[in-house]
Amino acid sequence: MDLVVINDSRPRRLAFYLAEEEYLAKAYPDRDFFFAWQVSPSVIVGRNQLLEREINVEYCREHGIDMIRRKSGGGAVVADMNNIMFSYITSSDDVCSTFSEYTSMVASALRRLGLDASDNSRNDILIGSRKVSGNAYYHLPGRSIVHGTMLYDFDPVLMSNTLRPSETKLASHGVESARSRVTTIREHLPELSLADFLDHMLRTVPEGGTTLVLDDDDIAEIEKIEKEYSSPDWLTGRNPKGTLHCEKRIDGVGEIGVDICLRRGLIESVALTGDFFERTDTAGALTAALAGLPYEREAVAEALEKIEIREMIPGMDTEKFINLIF
């Protein structure tokens, strides 16, 4: 695995680094990459999340906090100069094994610092029983991208005023606030500076690889991709206007909401929201399979036999989905 660095140190928006991941995945299809980045205060929502439900939009606008929607699933996170974002690009089609490979590498690097670090069954990295890193997954043909946070430290005011975690999610973890779920590197290693911690991770995770330095031509191509993330329509996302809303947290899947637009008892469209992960446009596939059918369990179940939901949303199966929407 190779380390990626940029040939200058000027600050960039978070969207640039998301575009950098896509560029590397497509331009260098036979190489695995790892790189780190930091940004001014920003909030990133997952591909399928409702903006207003997940973050305090008014607060972010008043305080100049950048709001970005990524193409991966998962939940909303805050990024600033107190924490480090990591990106991992590899050739893979399997969500679970890609997550496992990445999180095990990062947890191993943390253990070399003497930390009680482990990777859990989904997408988090823990120190003890508290989360220090959350990660999300984005799939391109033959390529996979994992990216996420690493909390060296965090601003509790920023976190508490920007994020709106759902009561369902908090209840599933048996805690009362998002802040109580997390820990930081600094809390456990107060003598280790952020710069020294970052240096350790960049030396340890991509151990044995070479270094790719992105030049001006690379950066120009990345900035073309970055424009997609700056579109107001992309930030707004798929805010659904369905007449029927079902929402639940499912073990192994995450929080998932389904909005079904009905007309005279027939299904017109399906929209999905939540922090689940997906390998393809699941809502589009469901709409194609169910449009025109009556909203009846038997009719929906028969149509869903023709598509592989578990291949679209890891951890989901047809029975779980039917139980959710009925």
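This briefing describes the sheets, cores, cavities and two selected residues of the structure above.

The structure is a predicted model, in which local features need pLDDT of at least 70 and side-chain atom pairs count only at pLDDT 80 or more, while totals for chains, interfaces and linings use all residues. Residues are numbered from 1 along each chain as its sequence is written, and side-chain values use heavy atoms, with hydrogens and water left out. Eight strands form one open sheet, and three strands form another open sheet. Helices (H or I, at least four residues) and strands (E, at least two) are DSSP runs, numbered from the N terminus. Two strands count as paired if DSSP finds at least two bridges between them.

**The eight-stranded sheet**

- The strand order is 7-8-9-10-6-2-1-11, with mixed pairing.
- Strand 7 (117-119) and strand 11 (211-214) are the edges; each has a single partner strand, so one side of each lacks a neighbour in the sheet.
- On average, neighbouring strands of this sheet are turned by 20° against each other, direction ignored. Axes are lines fitted to C-alpha atoms, for helices over the stretch in contact, and angles run from 0 to 180 degrees between N-to-C directions.
- Helix 1 (residues 14-27) packs on the sheet, touching strand 1 (2-6), strand 2 (33-37), strand 6 (84-90), strand 9, strand 10 (143-150) and strand 11. The direction of helix 1 makes about 170° with that of strand 2. Contact here means heavy atoms within 4.5 Å.

**Strand 8 and its partners**

- Strand 8 (residues 124-127) runs antiparallel to strand 9 (residues 130-140), and four bridges join them. Among the bridge partners are Gly134 for Asp124 and Lys131 for Leu126.
- Strands 8 and 9 form a hairpin with two residues between them, and Gly128 in the turn has a positive phi of about 65°.
- Strand 7 pairs with strand 8 in the antiparallel sense over three bridges; Ile127 is the bridge partner of Ala117.
- Asp124 and Leu126 point one way from strand 8, Ile125 and Ile127 point the other way, and all are buried. Buried means under 20% relative accessible area, exposed over 50%, and partly exposed in between (1.4 Å probe, protein chains only).

**The three-stranded sheet**

- This sheet has the order 4-3-5 and mixed pairing. Strand 4 (66-69) and strand 5 are the edge strands, each pairing on one side only.
- Its neighbouring strands are turned by 25° against each other on average, direction ignored.
- Strand 3 (residues 42-45) pairs with strand 4 in the parallel sense over four bridges, and Asp66 is the bridge partner of Ser42.
- Helix 1 also lies across strand 3, strand 4 and strand 5, running at about 25° to strand 4.

**Nonpolar cores**

- A nonpolar core is a set of buried Ala, Val, Leu, Ile, Met, Phe, Trp, Tyr and Cys residues joined through side-chain atoms within 4.5 Å.
- The largest core has 49 residues, of which Ile55, Leu110, Met150, Ile185 and Phe197 touch the most other members. Helix 4 (residues 95-111) contributes the largest share, seven residues.
- Beyond residues up to four places away in sequence, Met150 touches Asn83, Ile84, Phe86, Val106, Leu110, Val132, Ser133, Ile185 and Phe197.
- A second, separate core of 28 residues includes Tyr17, Met85, Leu214 and Ile219.

**Cavities**

- The whole structure holds three cavities of 30 Å³ or more. On a 1 Å grid over the protein atoms alone, a cavity is a set of points where a 1.4 Å probe fits but cannot get out, and lining residues have an atom within 4 Å of a point.
- The second largest cavity contains about 60 Å³ of space. Grid points are joined across faces, edges and corners, and a volume is the space filled by probe spheres set on the points.
- Its lining consists of Val78, Ala79, Asp80, Asn83, Leu151, Phe154, Asp155, Leu158 and Met159. Strand 5 (77-79) and helix 5 (156-162) each supply at least two of these residues.

**Two acidic residues**

- Asp124, in strand 8, has a relative accessible area of 9% and is therefore buried. Not counting residues up to four places away in sequence, Asp124 touches Ser118, Asp119, Lys131, Ser133, Gly134 and Arg181.
- Glu223, in helix 9 (residues 216-229), is partly exposed because its relative accessible area is 30%. Apart from neighbours within four places in sequence, Glu223 is in contact with Arg10 and Phe16.
- Glu223 and Pro190 are 33 residues apart along the chain, and their C-alpha atoms are separated by 37 Å.

Methods: On a 1 Å grid over the protein atoms alone, a cavity is a set of points where a 1.4 Å probe fits but cannot get out, and a pocket is an open set with protein on both sides within 12 Å along at least five of seven lines; lining residues have an atom within 4 Å of a point.
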